[in-house]
Amino acid sequence: MRDVNLQDGRPEQAGGGADTTPLHAPATAPVRTRGFDYLIVGAGFAGSVLAERLAAGLNKRVLVVDRRPHIGGNAYDHYDEAGVLIHRYGPHIFHTNSQRIVDYLSRFTEWRPYEHRVLAQVDGQQVPIPINRTTLNALYGLNLTTDDEAAEYLASRAEPVADIRTSEDVVINGIGRELYQKFFRGYTRKQWGLDPSELDKSVTARIPTRTNTDDRYFTDTFQQMPKHGYTKMFERMLAHPNIKVMLNTDYREIRDEVQYDHLVFCGPIDEYFDYRFGKLPYRSLRFEHKQLEQERFQAVGTVNYPAEEVPYTRISEYKHLTGQEHPKTSITYEYPSAEGDPYYPIPRPENVELYKRYQQLADETPGVTFIGRLGTYKYYNMDQVVGQALAAYKRIEEAERGPAPGESAEHAASLAAQAT
């Protein structure tokens with residue numbers, strides 16, 4: 001069990017980083033000397049954002065615990081043996097359309113502009129994914145020059161599906177079976193351990209098909225990376241004197257020893273209830289990190305490998321993301337797995353129904369709030385988790401203080417919507 005007081009700061013990692021001076025004014029109300037107002041389980045985005053808001057906004061005393069030896073959850077980054085800044089749990093690209101979320105996180109980090117691009121290794125060449133006009137021209141030796149021409153070409157290959165229910169239906173209905181098999185079937189089978197015909201339509205609906213030549217993976221208005229890394233951002237977020245952090249700590253080992261008024265649980269909801277109705281299914285990942293004696297390995301941050309005979313799904317090279325200049329480079333191979341830490345809730349109707357049973361238990365459990373991907377069994381992007389945590393704080397704040405003067409009902413409704 002490791003006790004970390006982030007208020008005192010940490011030694012700089014190799015390569016430097018942002019100033020970790022706390023951004024908060026000293027608390028004016030007295031801080032309790034014994035016990036905590038909130039025990040938060042999980043030091044990722046959900047837990048850290050809510051901890052910061054409770055401490056800075058309501059002067060609450062907060063204990064944050066995490067099983068892992070670090071803060072930041074799956075967004076944790078660090079300098080590897082070669083001195084290259086890597087993401088331990090695969091590439092995390094920050095993107096959002098919410099200025100409010102950007103403004104909030106900007107209190108704890110500067111930003112580096114970055115637009116993520118992904119290539120897919122298909123038919124012996126690397127082509128843009130999501131599929132766009134450049135992809136079609138390269139694969140089929142075409143000379144499509146306008147959006148209309150590309151749309152017409154895709155329409156000629158599409159196979160209309162009357163009742164779209166599965167991920168397979170979505171893709172075949174939009175672009176036809178051949179492109180589905182080249183780009184989606186193998187990748188999805190590896191990633192999820194299931195055929196796309198067995199998965200909810202939401203899985204492949206996340207990946208658009210474009211008729212223009214926009215090769216950015218995301219099209220959000222804000223696409224930037226924390227200038228000095230995610231870990232530095234989390235360190236500043238948790239640097240409030242009202243926040244205590246304990247790492248290498250299972251909350252079950254300390255929950256009866258620590259005085260607290262309310263529990264915020266960001267771990268798996270089924271684990272909290274001792275798997276009363278059975279385990280909620282997740283897919284996990286295994287990461288193979290490599291350091292290379294060369295400056296660059298691939299043309300873009302991530303290259304996907306959809307073919308089923310290739311055991312990994314993608315290779316990421318972090319210097320594209322971070323902008324770090326270094327004579328060496330570091331890459332990560334991702335291997336999907338049925339075993340290991342829970343990463344992706346598996347979107348199937350029976351799993352949703354199982355979660356609803358746990359959700360009902362959660363609703364009937366006083367003194368506990370469940371948030372985050374694992375706490376709500378939903379695949380959220382990072383900005384969505386931040387929004388959910390801010391919305392949870394808003395509800396707590398209004399319960400204690402009432403609505404802010406002049407705040408509109410529409411704004412309050414929009415905050416509540418972000419938590420669903």
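## Elements and ground rules

Helices (H or I, at least four residues) and strands (E, at least two) are DSSP runs, numbered from the N terminus. The model is predicted, with local features needing pLDDT of at least 70 and side-chain atom pairs counting only at pLDDT 80 or more, while totals for chains, interfaces and linings use all residues. Residues are numbered from 1 along each chain as its sequence is written, and side-chain values use heavy atoms, with hydrogens and water left out.

## Backbone features in loops

Let us begin with the backbone. Most residues other than glycine have a negative phi, and most peptide bonds are trans. Tyr 377 has a positive phi, near 50 degrees, and is not a glycine. You will find Tyr 377 in the loop between α13 (372-376) and α14 (382-401). Tyr 377 counts as buried at 7% relative accessibility; here buried means under 20% relative accessible area, exposed over 50% and partly exposed in between (1.4 Å probe, protein chains only).

Asp 123 also has a positive phi, of about 50 degrees, although it is not a glycine. Asp 123 sits in the loop between β8 (118-122) and β9. On the other side of β9, the peptide bond joining Ile 129 and Pro 130 is cis, with omega about 5 degrees. Pro 130 has its place in the loop between β9 (125-129) and α3 (133-140).

## Helices α1 and α8

Two packed helices are described by the angle between their axes and the distance between the axes. For helix α1 (residues 45-58) and α8, the axes come within 9 Å and cross at roughly 30 degrees; axes are lines fitted to C-alpha atoms, for helices over the stretch in contact, with angles from 0 to 180 degrees between N-to-C directions. The two helices α1 and α8 are therefore roughly parallel to each other (under 35 degrees is roughly parallel, over 145 roughly antiparallel, 65 to 115 roughly perpendicular and the rest oblique).

On the α1 side, Phe 45, Ser 48, Val 49 and Glu 52 meet Tyr 230, Met 233, Phe 234 and Met 237 of α8, where contact means heavy atoms within 4.5 Å. By class, this contact of α1 with α8 has six nonpolar residues, one polar and one charged. In that scheme Ala, Val, Leu, Ile, Met, Phe, Trp, Tyr, Cys and Pro are nonpolar, Asp, Glu, Lys and Arg are charged, and the others, Gly among them, are polar.

## Leu 105 and its surroundings

Leu 105 belongs to helix α2 (residues 99-105) and is buried, with a relative accessible area of 0%. Setting aside neighbours within four places in sequence, Leu 105 is in contact with Phe 45, Phe 94, Trp 111, Met 233, Met 237 and Val 386. Leu 105 and Val 49 are 56 residues apart in sequence, yet their C-alpha atoms are 9.0 Å apart in space.

## Aromatic pairs

A pair of aromatic rings is described by the distance of the centres and the angle of the planes. The count here comes to 25 aromatic pairs. Trp 111 and Phe 222 make one that is edge-to-face, at 5.1 Å centre to centre and 85 degrees between the planes. This pair links distant parts of the chain, with Trp 111 in strand β7 and Phe 222 in strand β10, 111 residues apart. Both rings belong to buried residues: Trp 111 has a relative accessible area of 15% and Phe 222 one of 12%.

By the rule used, rings of Phe, Tyr and Trp (its six-membered ring) pair if their centres lie within 6.5 Å; planes under 30 degrees apart are stacked, over 60 edge-to-face and the rest tilted. Ring pairs also link Tyr 251, Phe 265, Tyr 272, Phe 273, Phe 277, Tyr 358 and Phe 370 into a cluster.

## Salt bridges

There are 29 salt bridges, each a side-chain nitrogen of Lys or Arg within 4 Å of a carboxyl oxygen of Asp or Glu. Lys 227 and Glu 110 form one, at 3.8 Å from N to O. That pair links distant parts of the chain, 117 residues apart: Lys 227 is in the loop between β10 (222-226) and α8 (230-237), and Glu 110 in the loop between α2 and β7 (111-113). Lys 227 is partly exposed at 45%, as is Glu 110 at 43%.

Glu 293 and Lys 328 form another, their closest N and O atoms being 3.3 Å apart. Glu 293 counts as exposed at 67% relative accessibility, whereas Lys 328 is partly exposed at 28%. Arg 117 and Glu 115 also meet in a salt bridge, at 3.7 Å, and they belong to a network of salt bridges with Asp 214, Asp 215 and Arg 216.
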